[in-house]
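This report covers charged pairs, strand pairing and cysteines. The structure is shown next.

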Amino acid sequence: MKVVVIQGPNLNMLGVREQHIYGPMKLEHIHAQMKDFATQNGVEIEFFQSNLEGEIVDRVQECYGDANGIIINPAAYTHTSIAIRDAIAAVNLPTIEVHISNIHRREEFRKINMIAPVCASSIVGFGPFGYHLAMIGVLQMMNEIQAAGEVQKTQQVK
Ligand code: DQA
């Protein structure tokens with residue numbers, strides 16, 4: 001089974017940008033921890049970061065037929081991107097949205113969320129630990145979907 005982690009604009013600046021909001025941890029460090037967890041659980045994992053909306057749409061689309069689950073932090077595009085939302089809805093995979101900060105406690109414009117309604121779950125305000133929670137969640141969902149598929153197969157055989 002495979003999880004794809006998609007990171008939106010400016011997340012490549014973690015550890016540098018607004019440390020009072022996002023903390024000191026760099027993206028590579030977050031990804032290293034996620035990779036360890038994936039390995040421990042026998043799951044394949046791929047990482048992608050882009051500052052460009054269309055590239056994020058392309059990467060979500062590439063998950064169709066290739067990945068079993070998506071973890072995405074669309075960053076600022078969360079509040080604006082119907083294109084990313086439509087791509088997530090199109091591929092129809094268990095998708096977990098992560099926000100490092102608590103977007104509900106910040107500026108008014110961050111309360112607008114185009115992405116959450118097409119995600120299975122949203123994790124906000126836990127800092128980088130949110131990505132670990134997302135890994136636990138997506139693995140659980142992927143396992144449930146796989147198990148349901150196996151039950152269906154056995155029922156078809158009978
Ligand atoms: C963010 C929250 C967004 O509002 C912001 O534009 C980001 C990061 C977060 O992880 O808290 O770039 O997605």
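E107 and R110 form a salt bridge in this predicted model. Their closest N and O atoms lie 2.6 Å apart. The two partners differ in burial class: E107 is partly exposed, with a relative accessible area of 35%, whereas R110 is buried at 17%. R110 counts as buried because its value falls under the 20% limit.

A second pair joins K111 to E108. Here the closest N and O atoms are 2.7 Å apart. K111 is partly exposed, at 38% relative accessible area. E108 is exposed, at 59%, so it passes the 50% limit.

How many salt bridges does a search of the whole structure find? The count is seven. Another of them links R59 with E46, with 2.6 Å between the closest N and O atoms. This pair ties together distant parts of the chain: R59 sits in helix α3, residues 53-62, and E46 sits in strand β2. The separation is 13 residues. R59 is buried, with 9% relative accessible area. E46 is partly exposed, with 28%.

Three of these salt bridges are set out below.

| Salt bridge | Closest N and O atoms | Relative accessible area |
|---|---|---|
| R59 and E46 | 2.6 Å | R59 9%, E46 28% |
| E107 and R110 | 2.6 Å | E107 35%, R110 17% |
| K111 and E108 | 2.7 Å | K111 38%, E108 59% |

Salt bridges with shared partners join K2, E46, R59, E62 and D66 into one network.

K2 deserves a separate look. Is K2 buried or exposed? K2 counts as buried, because its relative accessibility is 8%, under the 20% limit. The residue belongs to strand β1, which covers residues 2-7. The side chains of K2 and D66 make a polar contact of 2.8 Å. Beyond neighbours within four places in sequence, K2 touches V43, E44, E46, D66, A67, N68, G69 and M142. Two residues in that contact list, E46 and D66, also belong to the salt-bridge network with K2.

Next comes the sheet. Five strands make up an open sheet, ordered β2-β1-β3-β4-β5, with parallel pairing. The edges are β2 (44-49) and β5 (121-124), and each of these pairs on one side only. From one strand to the next, the twist averages 15 degrees. Strands of a sheet pair through backbone hydrogen bonds, in either the parallel or the antiparallel sense. β1 pairs with strand β3, residues 69-73, in the parallel sense. Five bridges connect these two strands. Within this pairing, V4 stands opposite I70 of β3.

Last, the cysteines. How many disulfides does a search of the whole structure find? The answer is zero. C63 is in no disulfide, and its nearest cysteine sulfur, in C119, is 12 Å away. Why is C119 not bonded to C63? The 12 Å between the two sulfurs is too far for a bond, because a disulfide needs the sulfur atoms within 2.5 Å. Both residues fall under the 20% limit for burial. C63 is buried, with a relative accessible area of 0%. C119 counts as buried at 13% relative accessibility.

Key:
Residues numbered from 1 in each chain as written. Predicted model: local features only at pLDDT ≥ 70, side-chain atom pairs only at ≥ 80, totals over all residues. Heavy atoms only, no water. Helix = DSSP H or I, 4+ residues; strand = E, 2+ residues; numbered from the N terminus. Buried < 20%, exposed > 50% of the residue type's maximum accessible area, 1.4 Å probe, protein only. Polar contact = N/O pair within 3.5 Å; in protein donor to acceptor, adjacent residues only side chain to side chain. Contact = heavy atoms within 4.5 Å. Pairing = 2+ DSSP bridges. Axes fitted to C-alpha atoms, helices over the stretch in contact; angles between N-to-C directions. Salt bridge = Lys/Arg side-chain N within 4 Å of Asp/Glu carboxyl O.
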